[in-house]
Structures are given as C-alpha cells and as structure tokens.
Amino acid sequence: MLISESWLREWVSPKIGSDQLAERLTLAGLEVNSVESAGPSLDKRIVVGQIVSAEPHPNATRLQICEVDVGKSRNLSIVCGAANAKTGMKTAVALAKARLPAGQVSAVEIPVREIRGVKSNGMLCSAAELGLADSSDGIFEFDSGADVGRAVGDYLDLQDHIFQLELTPNRGDCLSIAGVAREVATLTGAKLKIPEISKAKVVSRTALEVQLKAPTGCPRYVGRAITNIDMQAKTPDWMVERLRRCGMRSINPIVDITNYVMHELGQPMHAFDLKKIRGDIVVRMAKNGEKIKLLDGSSVKLSKHDLVIADQGKAIALAGIMGAANSAISDKSRDIYLESAFFSCAVILGKARQLGMYTDASHRYERGVDSQLQLKAMERATALVVGIAGGQAGPVTHAVEKSSLPKTPEIAFHKAEIYRLLGITVPHNKAASIMKNLGMSVKSSKIGWQVKPPSWRYDIQGQHDLVEEVGRCFGFEKVPPRMPDTESGIGVHPENKLSLYDIKQTLIHRGYHEAITYSFVDSKFQQQLLNKSDAIRLINPIADNMSVMRQSLWPGLLEALKSNLNRQEDRVRLFETGQVYARAQNSRKSEEKSRLGGLISGISLPRQWASQAAEVDFFDIKGDLEALINLTGSMADFKLQQARHPALHPGQCAQIFIGKKRIGFVGKLHSAHQKFYDINQAVYLFEIDLEPLSSCLLPVFLDISKFPSIQRDLAVLVDQTVNVQSILELVRSSAGGLLKHLELFDVYRGDNLEKNKKSFAFGLTFQSESSNLTALEVETVMEKIVGVLEQKMDARLRK
C-alpha cells in the first residue's frame with residue numbers, strides 16, 4: 001500500500017524525519033518497503049501560468065500563440081500545439097532556461113526561439129513532460145485557484161514522500177490514512193487529529209429502500225441518492241495528486257471521491273447511476289447460473305455462493321468486488337446513488353481471485369473492514385460530492401441486521417502475561433495507555449484489565465494478541481537478548497522405529513538429491529499421468545497450473561526433472577517425501593497419505609575414464625528400493641509383481657509388496673508421458689507408502705554353524721511368460737530350513753533353446769545347524785525342488 005507522508009501528517013505529525021518514521025513503522029510490524037519522492041525535483045523556473053489569450057498561429061494550422069501571465073511585470077508570448085490550450089486556463093509554464101526532468105520529452109534547457117516565424121518565450125507543459133504521468137493528451141490544467149507565478153513543484157508539494165507499506169493480511173485496518181495515523185500516534189505519542197465530518201444537509205427527498213436478504217453476508221448497507229450533479233466538474237488538483245501518490249489515476253469526480261474516501265478512511269464505496277436502478281436495492285445471494293457484466297467488460301457466471309447488489313430486476317454489482325456495467329455512471333449521469341456497505345470477509349474471501357481479478361475493494365473486504373465505518377464514510381463522500389460536483393443530497397438509507405454484525409470479544413488480560421510472553425516488564429500504566437491509544441476499551445480488574453478491542457481490529461482475539469500489541473508498540477527492540485531457560489532431557493527412541501532421516505540418508509548416500517515440490521499441481525498434467533479425474537480441486541488456486549491437490553508425488557518430481565534437464569543436468573536422481581491427497585471412498589471427505597517417491601534418469605554412474613557410461617535401467621532403481629527395504633530387515637518378505645499402471649511402461653512396471661501388503665509401484669515412465677513432458681531420455685520412477693518403512697525388525701543373535709555348507713547349482717527351462725519371483729518362492733518353500741542362501745546368477749535366451757523358452761540358473765547353499773549334511777540329504781532336497789517346479793511351473797532341468 002502507498003501512503004503520502006504529507007497526507008499522513010495532516011492526521012498526525014510526529015517531530016521525527018521521514019526515515020525515522022519509516023523505521024518506527026517497520027519495527028512495529030508495518031514494514032516500510034521503500035520511501036520515494038512524490039515526484040521529480042522540478043526546476044523553480046517551471047511555474048504556474050494563466051493563458052490570457054490564445055490566437056491561431058498565422059503560419060501553422062495546428063499551433064496557437066498564447067499570451068501567458070506568469071506573475072511577472074509583463075506577459076509572455078508562447079507558441080503551443082496542445083489542442084486543449086484555451087483562454088483563462090492555468091497550466092505549467094517552463095520559462096526560458098528552465099530544464100525539464102531528465103528522461104522526459106526534452107531534457108535540455110528551454111530556449112527562446114522562433115517557431116514558424118513567431119518568437120516563443122518558453123513552453124507550456126503536459127503532465128508527461130513534467131514526469132507526473134506516463135502519457136498526456138494535452139497540457140497540464142490546474143485548478144482556477146492555483147497561484148500564478150508559483151513554482152509547480154511547490155504548488156503540487158512534490159517534496160512529499162511516498163511510503164510503500166508491506167502489510168500482513170491481519171492488518172487490514174491499516175489500509176488507509178486513518179489506520180496508519182492511529183498507529184503513528186500510538187508509536188510516537190503525537191496527537192491524532194481526526195478531521196471533523198459533519199452530517200450533510202438533506203435538500204432532496206429522493207431515496208431508495210434497501211432489503212437485506214442475505215444479512216450474514218451484508219449485515220449493514222448505507223445508501224444515499226444525490227441528484228443534479230455536474231459530471232463535467234473537475235477533480236481538484238490536491239485530490240488528483242493524492243490519488244496519484246496512492247497509485248490511482250483520476251477518472252471522474254465521483255469515482256475519484258469514492259477512491260479518495262477508501263484511501264482516507266478505509267471504507268470501499270461505489271456509485272451507481274440512479275436512473276439505471278429499477279425499484280429498490282436488494283442485497284441477496286446470486287442465483288445459480290445468473291450472469292453479470294462487470295465494469296471491466298468481463299462477463300461472469302455466478303453461483304448461489306456469490307453475494308450481489310440488485311434492483312428489482314437485475315444484479316447491479318458483485319458485492320465487495322466490482323460494479324456492473326448496467327448501472328455504471330458516465331459523463332451524462334445527473335443523479336447517482338452512493339453505496340457504503342459492510343460485507344463479511346467470509347463471504348468475499350477468495351471470490352475475486354476465483355474470477356481472475358483483483359480490486360482495491362476486494363483486497364480490503366477480504367481482510368476485514370470496520371463494521372462501524374459506513375455512516376461516517378457516507379457523510380464524508382457526500383460532503384466531497386456536493387462540494388466538487390454540486391447536487392442535492394437525499395436522506396441516508398441505513399439498513400442493518402445487528403445480530404449478524406461481528407461481535408467484539410471481551411478479553412480478561414492478566415498483567416503477568418506480558419512478562420511471561422515478552423520476558424520484560426512493561427509498566428502497567430504504559431501498557432494500558434498503549435491499548436487505549438489503539439482504540440481499545442480498557443477497564444482495570446483484580447488480575448489486570450478487561451479489554452475490548454475496537455471494531456476495526458479483527459485480529460485481536462485473546463491475551464496473546466494483546467501482549468503482541470503492547471510489545472510491538474513498546475518496542476520489540478527493547479527486549480534484551482537472553483538464552484532460553486530450558487531443561488535438556490535424554491530422548492527415548494524405540495529401537496524398532498526407523499526415522500525419516502535414516503530413510504533420506506540412505507537415498508542420499510546412493511546419489512539422490514531431495515526435492516521439495518508444491519502440493520498443488522496442474523490438473524491436466526496429473527490427469528494425463530495418472531488417468532484419474534477425481535482430484536481434490538482448490539476453490540481458490542494461486543495459479544491455473546496449481547489448481548488441484550496432488551494424488552502422487554510423480555507430477556512434481558517430473559517437473560523438477562524437466563527443469564534440471566533444461567539446465568543441462570542430464571544425470572538426475574531425485575526423491576521426495578510428502579503427503580498425497582485423495583477423496584475417501586463413498587465419502588466427500590479427503591484423506592492424506594505419507595509417501596516416498598523417487599526417479600532416476602541419465603547415466604547410472606558419474607562419467608569416469610575407467611569405464612563406459614551406461615544408461616540407468618529397471619534394475620538400478622530396483623536396487624535402490626531394496627536398499628530401503630533392507631533398512632527394515634524385511635528383505636525376505638520383499639517382492640515385485642508384474643502389474644499395469646497408467647504412468648508406467650507395460651512390461652517394465654511392477655507392484656511392490658512386503659509380505660501380502662502392496663506398498664507402491666516401480667517402473668519406467670511410459671513413452672507417451674515422456675513425450676508429453678518433452679523428456680528425451682529414459683526415466684524410472686518409484687512411489688511407496690512411508691508407513692511400512694517406519695518400523696524395523698530388531699537384530700537377533702544366531703550361532704554360526706560349526707558344520708560346512710554345500711553348494712549346488714540348478715538350471716531350469718521355463719516358458720518365456722514365467723517370472724523369476726515365482727520360481728524363487730517355490731524353491732524356498734519346498735527346500736525347507738536347510739536352504740540358507742538362494743541367488744539367481746544367470747538368465748539365458750538363445751537359439752539353441754526351444755521356442756518360447758528361457759533358462760534360469762540358481763545357486764543354492766545348504767547347511768545344517770546340528771550335523772554334517774550328507775550328499776544324500778542334499779540330493780533329496782534337490783529332487784523335491786525339481787519335482788515341485790515340474791509340477792507347478794512345467795519346468796525342466798536344463799542339461
């Protein structure tokens with residue numbers, strides 16, 4: 001938010017400089033991001049002048065010869081090409097030898113020169129040439145009361161400073177001059193000078209009734225008709241300049257006044273063309289599918305959750321956001337209807353963003369507007385309208401549903417809480433004074449105070465908030481640094497629990513980097529990847545490509561991979577731990593699951609001279625998974641089972657099991673998705689539930705057998721469709737306790753085998769804990785294994 005220092009000092013003027021004031025505000029939580037000059041430093045020879053006469057140039061059809069009074073003994077003759085130059089007009093005059101601001105149309109010294117045979121003794125300037133606007137249609141026109149001969153920089157007070165405040169969302173009360181002035185008065189002890197706002201004289205009977213059909217969303221609505229206004233009236237220079245310093249351009253006197261009151265008091269207002277309103281005002285919820293065309297030209301389809309201002313036939317404004325085109329004022333408007341309303345922030349919150357727009361009104365209503373401000377703002381705006389554009393004010397229509405207005409809590413504030421939370425002693429009378437200066441009702445009690453926050457402070461709900469207010473206004477910088485008083489204890493960590501740190505370190509040691517991505521993802525990308533359309537959609541997304549909650553960690557990891565590849569990082573190993581979100585079955589509720597996801601792409605090992613670079617494959621990522629499962633001591637229960645997944649390539653996709661529980665998927669990214677993400681190298685991914693990795697088996701001592709082991713090899717022919725996992729399980733189950741180790745050491749496919757056959761070769765190690773094994777015992781077990789394989793897998797020994 002932009003604040004004019006000179007405007008602020010009309011409300012409160014502490015005896016400190018601009019930099020000190022900015023620092024004091026920042027230390028109190030109202031961060032001043034920058035302090036800038038209100039305008040360029042203008043040459044003192046650029047003055048206010050009045051055109052006494054304007055005659056056509058004899059040698060040029062588009063030029064005029066203007067006689068200009070600049071407050072000297074004689075008038076100056078200046079040739080001007082501006083179409084708006086006219087007799088009686090007061091404008092900015094650059095006298096001979098004056099310099100315009102650097103970077104403008106002419107940064108050189110203004111000469112006395114002849115233009116088409118006529119001597120010109122200066123230059124009539126536009127706002128753009130003075131550095132006060134990006135563009136201008138003509139020369140600058142000042143108010144009729146501007147002092148002729150006065151330096152323009154002094155007349156416009158360009159020595160003023162503009163503070164840019166970065167306010168936190170809970171401080172909507174400071175989105176105005178009045179709100180910041182209250183803070184400055186409390187922080188510096190300077191007197192707060194609140195301008196007196198008197199009730200306007202009612203000279204017209206024109207009025208509209210107001211019906212509050214949605215009091216929860218709008219418990220207070222104040223309206224007033226003002227007739228016979230002059231829309232051709234000029235907005236005063238002082239108001240135009242103050243609006244410019246707040247970042248707003250002048251539009252017309254009525255719009256300028258509503259914007260001015262909003263920046264001065266903090267109350268958003270709106271002006272309707274009274275002639276375009278049919279019947280009375282109705283504040284209601286919109287109908288599903290109801291359409292409204294807004295002032296910016298956009299057409300919006302509304303729902304029953306949108307609050308609108310309507311007349312008897314149509315919606316004429318989207319409450320708290322923007323007016324409708326069907327009731328907009330124009331240069332031809334003669335009668336207007338001013339609105340000053342309180343809209344609940346709960347009803348307005350996020351609506352503007354859903355519609356892809358931002359307005360100053362919605363920004364304030366979302367953060368909370370003072371519910372007691374509407375009548376005061378109406379009287380202030382009425383006085384300005386009548387004073388600038390004339391007209392006759394009608395009676396104020398005040399519709400209110402008191403039961404729906406925000407309730408201000410009464411807080412029992414213990415004095416001891418200040419020291420307990422701040423660690424310093426603040427004098428009790430100082431604490432009470434701070435709270436009173438902030439507009440709070442403070443009554444002494446046995447324990448401290450009974451405090452009632454003002455209507456504009458929605459963020460004060462408990463003792464901790466009051467301590468914060470006392471602390472920041474007393475000065476957090478006065479709190480001395482002190483080591484905390486803590487008692488350290490020995491943490492107890494169950495041996496059978498596996499920490500997330502251990503899991504992460506295992507992957508880091510294997511060359512992975514941890515990624516942290518958003519929980520919000522692109523709806524189109526996620527649906528394309530997972531073939532799911534039931535993602536939880538955000539009501540108020542921060543961007544179009546972050547509109548749904550993630551159902552998998554893969555979309556974020558793939559975006560991270562793509563970002564790395566675009567930066568020539570072609571060997572990538574990433575993992576992420578986080579929540580994924582899904583709708584619970586047969587319920588509208590959502591559920592969260594903790595997952596671990598990872599991907600690898602590029603060469604398997606960093607490039608080196610001693611070996612040839614090889615691309616990663618399925619077995620690389622399988623090995624990483626096995627390292628994770630090995631942490632739990634459950635490798636015996638770990639297995640992969642061929643499966644299908646919409647994100648993964650058929651034939652290179654597997655489900656991951658620990659025992660009978662499926663914990664995730666692993667495989668190669670499908671080529672269609674690889675193309676969709678514009679990735680030109682193979683990608684392998686895994687994603688597993690974190691919960692099964694959270695516990696591990698405790699080590700158990702086993703005696704080393706005193707007896708020798710016996711090794712046997714077993715080579716079998718099986719169909720091409722048989723997977724090795726099923727063979728391993730059958731061998732283990734049929735071998736019994738004598739089998740100590742089993743490994744696959746060869747897979748062979750060749751022309752000398754039968755068609756559609758392949759060969760698996762296994763190494764088996766047998767050992768007894770109680771005696772020497774005989775060859776007969778081992779052969780008996782081997783025969784049993786072969787028999788089971790022949791029976792269940794149609795396997796044959798390979799000779």
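Visitor: In what order do the three strands of the open sheet stand?
Guide: In this predicted model, the pairing in the open three-stranded sheet is antiparallel. Strands β22 (411-414) and β23 (441-444) are its edges, each pairing on one side only. The order is β22-β24-β23.

Visitor: By how many degrees are neighbouring strands of this sheet turned against each other on average, direction ignored?
Guide: The sheet in question is the open one with antiparallel pairing. Averaged over its neighbouring strands, with direction ignored, the turn is 30 degrees.

Visitor: Which residue of β24 stands opposite Ser-441?
Guide: Strand β24 covers residues 448-452 and runs antiparallel to β23, to which four bridges join it. The residue in β24 opposite Ser-441 is Lys-452.

Visitor: Which helix packs on the sheet and touches β22, β23 and β24?
Guide: Helix α13 (residues 463-474) lies across β22 and β24, at about 60 degrees to β22. The helix that touches β22, β23 and β24 spans residues 428-437, and its direction makes about 5 degrees with that of β24. That helix is α12.

Visitor: Are α15 and α16 roughly parallel or roughly perpendicular to each other?
Guide: The axes of α15 (residues 523-530) and α16 (residues 554-565) come within 10 Å and cross at roughly 105 degrees. Angles from 65 to 115 degrees count as roughly perpendicular. The two helices are therefore roughly perpendicular.

Visitor: How many nonpolar residues does the contact of α15 with α16 have?
Guide: Helix α15 contributes Phe-525, Gln-526 and Leu-529, while α16 contributes Trp-554, Pro-555, Leu-558 and Glu-559. By class, one residue is polar and one is charged, and the nonpolar residues number five.

Key:
Residues numbered from 1 in each chain as written. Predicted model: local features only at pLDDT ≥ 70, side-chain atom pairs only at ≥ 80, totals over all residues. Heavy atoms only, no water. Axes fitted to C-alpha atoms, helices over the stretch in contact; angles between N-to-C directions. Parallel < 35°, antiparallel > 145°, perpendicular 65-115°, else oblique. Contact = heavy atoms within 4.5 Å. Nonpolar A, V, L, I, M, F, W, Y, C, P; charged D, E, K, R; others polar. Pairing = 2+ DSSP bridges.
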